[in-house]
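Me: I would like to learn how to read burial, contacts and charge pairing from a set of coordinates. Could we work through one example together, feature by feature?

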Amino acid sequence: MRYLRAMVVYTWAFLVLCTRWPLLRSVERQRETAFLSAMKRIYGVASGFAQSICRLAGCQIDVRGVENIPQDGSVVLIGNHQSFFDIPILLATVPRPLGFLAKQELKAVPLLGRWTEGIGSIFIPRGETRKSLEAILAAVKMLKQAAHVLVVFPEGTRSYGGQLGEFKAGSLKIATKSGSTVVPFAMDGSWRVMPKDVKTFTPGTVRLTFLPPISPELMATKDTKAISEACRDAIQTQLLEGEQDGIEK
C-alpha cells in the first residue's frame with residue numbers, strides 16, 4: 001500500500017508541475033517588475049498543490065498559532081527540519097506567499113528545482129563560504145525590497161527520528177540584516193510521514209505550531225546568538241509538550 005500511495009503522489013505531482021509550467025514561466029517574467037503580484041499568482045497554485053499532496057500522502061495537519069504570522073511586512077520563519085515533507089506542509093498552511101532558503105542541490109532536480117525558485121526561494125551551497133555569503137545577501141536584498149516570507153531551517157539538514165539538532169551559527173543573520181520579523185515554528189511528526197532518506201509515505205498527523213513573533217526592534221537590541229538559542233529552546237519545549245499530549249514519537 002505504501003508503494004502504491006507513493007506512486008499516486010509522485011504521478012500527481014509530475015502532472016501538476018508539468019501542466020502548470022506556462023504559469024511558472026509567466027511568473028518568472030513578471031517577478032522582475034512586480035515581485036509581490038507574481039508571488040501571489042504562483043502561491044495560490046503552490047499552496048493548493050501542497051494541500052493535495054498532503055491529502056494523497058495521508059498527512060493530516062494540526063496547525064496552531066497561524067495568527068502569530070504577521071499579515072504584512074517581511075517575515076523569516078525559523079523552525080526545525082524533520083522531513084522533506086516539511087515543505088508541502090508549510091506551503092499548505094502558511095496564508096502568505098513564502099519561499100525557502102534551500103540547499104543548492106535542490107536546484108538541479110528537474111521540475112522541482114525550477115518551481116522552488118519560482119515561489120521566491122534562495123539556494124545556498126554547502127561548504128562554499130563566498131557563494132553562501134552571496135546567497136545570504138541575495139535573501140536580504142529580496143526581503144528588503146518586497147514583503148516576502150522566507151523559511152530558514154537553522155539545523156542545516158533534516159534530522160533522523162525527529163530529534164532537534166543544534167542551530168548553526170548565524171542562522172538569524174538574514175532576519176537581522178533585512179529588518180524582518182522572526183516567527184519560530186515547531187514541526188512535530190513529519191519525520192514519521194516521510195523519514196529522512198525514505199521516498200514512501202506513512203499516513204499520520206503532524207502538529208505545526210507557530211510561536212509568538214520577535215519584532216525587528218527587539219532583534220536590534222538583543223544578541224543574535226541569544227535569540228537563536230531562545231528560539232531553539234522554545235521549539236524544543238513545544239516538541240516536548242507534543243510528546244506529553246500523546247503525539248507518537
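Reply: Let us begin with one residue, Ser47, which lies in helix H3 (residues 35-57). Please keep in mind throughout that this is a predicted model.

Me: Is Ser47 buried or exposed?

Reply: The general idea is to ask how much of a residue remains accessible, and a residue counts as buried when its relative accessible area is under 20%. Ser47 has a relative accessible area of 11%, so it is buried.

Me: Which residues does Ser47 touch, leaving aside those up to four places away in sequence?

Reply: With those sequence neighbours set aside, Ser47 touches Leu91 and Ala92. One polar approach can be described in detail, since a polar atom of the Ser47 side chain lies 2.9 Å from the backbone oxygen of Leu91.

Me: How many residues of helix H4 (residues 86-93) are buried?

Reply: In helix H4, 8 of the 8 residues are buried, so this helix is largely enclosed by the rest of the structure. The buried residues of H4 include Leu91 and Ala92, the two residues that Ser47 touches, and among the others are Asp86, Pro88 and Thr93.

Me: Now to charge pairing: how many salt bridges does a search of the whole structure find?

Reply: The general idea is that side chains of opposite charge can pair when their charged atoms come close. In this structure, a search of the whole model finds 6 salt bridges. One of them joins the side chains of Arg130 and Glu134, with an N to O distance of 2.6 Å.

Me: Where do Arg130 and Glu134 lie?

Reply: Both residues lie in helix H6 (residues 129-145), 4 residues apart, which is about one turn of the helix. As a general rule, an α-helix has 3.6 residues a turn, so residues three or four places apart point the same way. As for accessibility, Arg130 counts as exposed at 55%, while Glu134 is partly exposed, with a relative accessible area of 42%.

Me: Which residue forms a salt bridge with Arg232?

Reply: Arg232 pairs with Glu166, and the closest N and O atoms of this salt bridge are 3.6 Å apart. Arg232 lies in helix H10 (residues 224-244) and Glu166 in the loop between strand E5 (149-152) and helix H7 (173-178), so the pair ties together parts that are 66 residues apart in sequence. The two partners fall into opposite classes, since Arg232 is buried at 15% relative accessible area, whereas Glu166 is exposed at 60%.

Me: What other salt bridges could I look at, for instance the one between Arg64 and Asp62?

Reply: The side chains of Arg64 and Asp62 meet in a salt bridge at 2.9 Å, N to O. Arg64 counts as partly exposed at 35% relative accessibility, and Asp62 is partly exposed as well, with a relative accessible area of 26%. You could also inspect Arg25, Glu28 and Arg114, which are linked in a network of salt bridges.

Me: Finally, which residues make the nonpolar surface patch?

Reply: The general idea is to look for nonpolar side chains that remain accessible and lie within 5 Å of one another. Here Met1, Leu4, Val8, Trp12 and Leu56 make a nonpolar surface patch of about 500 Å². Helix H1 (residues 2-19) gives the largest share of that patch, 3 residues. Val8 lies in helix H1, and this residue is partly exposed, with a relative accessible area of 39%.

Methods:
Residues numbered from 1 in each chain as written. Predicted model: local features only at pLDDT ≥ 70, side-chain atom pairs only at ≥ 80, totals over all residues. Heavy atoms only, no water. Patch = residues over 30% accessible without salt bridge, like charges linked within 9 Å, V, L, I, M, F, W, Y side chains within 5 Å. Areas by Shrake-Rupley, 256 points an atom, 1.4 Å probe, with all protein chains shown as cover. Salt bridge = Lys/Arg side-chain N within 4 Å of Asp/Glu carboxyl O. Helix = DSSP H or I, 4+ residues; strand = E, 2+ residues; numbered from the N terminus. Buried < 20%, exposed > 50% of the residue type's maximum accessible area, 1.4 Å probe, protein only. Contact = heavy atoms within 4.5 Å. Polar contact = N/O pair within 3.5 Å; in protein donor to acceptor, adjacent residues only side chain to side chain.
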